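The exercises below are to be worked with the sequence and the coordinates open. Each task is followed by a solution in steps.

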Amino acid sequence: MKQQICILGSTGSIGTQALDVIRQHSDLYEVYCLTANNRVELLAAQAREFKPAAVVIANETHYGRLKELLADQSDIKVYAGAAALEQIVEAGPVDMVLAAMVGYAGLAPTICAIKARKKICLANKETLVVAGELITRLAMEHHAPILPVDSEHSAIFQCLVGEDMNEVEKLLLTCSGGPFRTFTADRLAAVTAADALQHPTWDMGAKITIDSASLMNKGFEVMEARWLFGVPADKIQVLVHPQSIVHSAVQFADGGVKAQLGVPDMRLPIQYAFSFPQRLHLDGRRLDLFRQPLEFFEPDLDKFKCLALAYEALDKGGNMPCVLNAANEVVNAAFRQGRCSFPGMAHIIEQTMQRATFEAAPDYDTYVRTDAEARRIASELL
Ligand code: NAD
Ligand code: MG
């Protein structure tokens, strides 16, 4: 029986690479549902190729156009709206849900998929940043496995196979350092979105590429690792590794370190999340260790203030990571539109963290309230 996959965010960077994995293993996997927000033409083209049972366009204004594009595909059901995303992940035939939407919007459908006991392949790290405690508790209660898709977390997950978590001394989380790794503070003040979108090693969606340049992405990944592996932040060390060859590593009680290496290609962690505990063949480049040195540096928390703010939010706990995420979504978008400077992003996030209402023991409704409040504060500060 082929595994039935629902892809939340099939038109994005992760989504399209996931479809390439499925294309290579059409004997094992089948697409049950494809979803997108705005890219209706691409969604329709994907649907024509993969013949899913359903497609969902989150932005309802595109519903008519999608219906029109798939008018001759009578076997494909077409839905629209955020509520439809929450319903489709629960469909009986779905075995796995690839959460590859970007941002806070991924939280609600991921919770629905967990409650429906689906296997979750998680790329949408914002879900764990915002509500890590809630998500991990729900996953335990509903016996829904969460498989990491983020390359660093997949690397750590691969290193932990066959190991005892009690023997883990620390996690070594690598970070490319982004395009501004060697910039002075003065130069950083003048960088533009176009500069930031030139990532040295990975080709990703726009939002995460900006987060990678500010190192907010690495702060998010510390939180993601904290929740996925149950390891406290003081046992998660960030190492700047410009070559992006060592995807991350684990240090054990006997001093041994296991790392996972490879060329930067997200299809491997996507495929591993699908196929675990099996490893499958994957076409593509192979690592040539003769070609380059492997370097490691400490991150500069003064220059890259977003990483320091993420540590602060994690330390504070409660709804503070949700505040951090919401403020970051606002300033990230503003920076891309030229309405906020690069150092301005950290400044506004910090101010939002000071002004938002702190709640020590949040539930789902708290996150909804906090997200709205923090977005409002950050927008006012812009
Ligand atoms: P992207 O911008 O390329 O794609 C985002 C996808 O989500 C698109 O299909 C879009 O239609 C959909 N989407 C966006 N907003 C939506 C909404 N409100 N409702 C429904 N659908 C919506 O982003 P990406 O780079 O593929 O990243 C997706 C997620 O994976 C992010 O959380 C990111 O942090 C994470 N991630 C990405 C990479 C990577 O290499 N791209 C690596 C690690 C983790
Ligand atoms: Mg990553």
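## Exercise 1: Two annotated spans

The end C-alpha atoms of residues 5–132 are 23 Å apart, and this span is 41% helix and 22% strand. The model is a predicted one.

Task: State which UniProt annotation covers residues 5–132, then describe the span 261–376 by its end distance and its helix and strand content.

Solution.
1. UniProt, in an unreviewed entry, lists residues 5–132 as "domain: 1-deoxy-D-xylulose 5-phosphate reductoisomerase N-terminal".
2. Residues 261–376 carry the annotation "domain: DXP reductoisomerase C-terminal", also from an unreviewed UniProt entry.
3. Between the end C-alpha atoms of residues 261–376 the distance is 42 Å. Helix makes up 56% of that span and strand 1%.

## Exercise 2: The surroundings of ligand 1

Task: Find which residues come nearest to ligand 1, list polar contacts to its oxygen atoms from backbone atoms, and explain why the ligand lies between two domains.

Solution.
1. There are 23 residues around ligand 1, and Thr11, Ser13, Asn37, Glu126 and Gly205 come nearest.
2. Sort the shell by class: 12 residues are nonpolar, eight are polar and three are charged.
3. Apply the cut-off for a polar contact, a pair of N or O atoms within 3.5 Å. A backbone N or O atom of Ser13 is 2.9 Å from an oxygen atom of ligand 1. For Met101, a polar backbone atom lies 3.4 Å from a ligand 1 oxygen. For Ala123, the distance from a backbone N or O atom to an oxygen atom of ligand 1 is 3.4 Å.
4. Turn to the area: on its own, ligand 1 has 820 Å² of accessible area, of which the protein covers 87%.
5. Assign the shell to domains. Ligand 1 lies between domain 1 (3–148) and domain 2 (153–265 + 285–381) because both give residues to the shell around it.

## Exercise 3: A hairpin

Task: Determine in which sense strands S10 and S11 pair, and over how many bridges.

Solution.
1. Strand S10 spans residues 246–252 and strand S11 spans residues 257–261.
2. The two strands pair in the antiparallel sense, over five bridges. As one bridge pair, Ala249 is matched with Ala259 in S11.
3. Four residues sit between the strands of this hairpin, and Gly255 has a positive phi near 90 degrees.

## Exercise 4: Backbone geometry in loops

Task: Identify which peptide bond is cis at Pro277, and locate Arg117 and His143.

Solution.
1. The cis peptide bond joins Phe276 and Pro277, with omega about 5 degrees. Pro277 belongs to the loop between helix H12 (267–275) and helix H13 (305–316).
2. Arg117 is not a glycine, yet its phi is positive, about 60 degrees. Arg117 sits in the loop between helix H5 (107–115) and strand S6 (119–122).
3. His143, likewise a residue other than glycine, has a positive phi near 50 degrees. The loop that holds His143 runs between helix H6 (126–141) and strand S7 (146–148).

Conventions:
Residues numbered from 1 in each chain as written. Chains lettered and ligands numbered in written order. Predicted model: local features only at pLDDT ≥ 70, side-chain atom pairs only at ≥ 80, totals over all residues. Heavy atoms only, no water. Pairing = 2+ DSSP bridges. UniProt positions renumbered as here; feature names shortened; annotations may be inferred. Near = heavy atom within 4 Å. Polar contact = N/O pair within 3.5 Å; in protein donor to acceptor, adjacent residues only side chain to side chain. Areas by Shrake-Rupley, 256 points an atom, 1.4 Å probe, with all protein chains shown as cover. Nonpolar A, V, L, I, M, F, W, Y, C, P; charged D, E, K, R; others polar. Domains from an automatic or database assignment.
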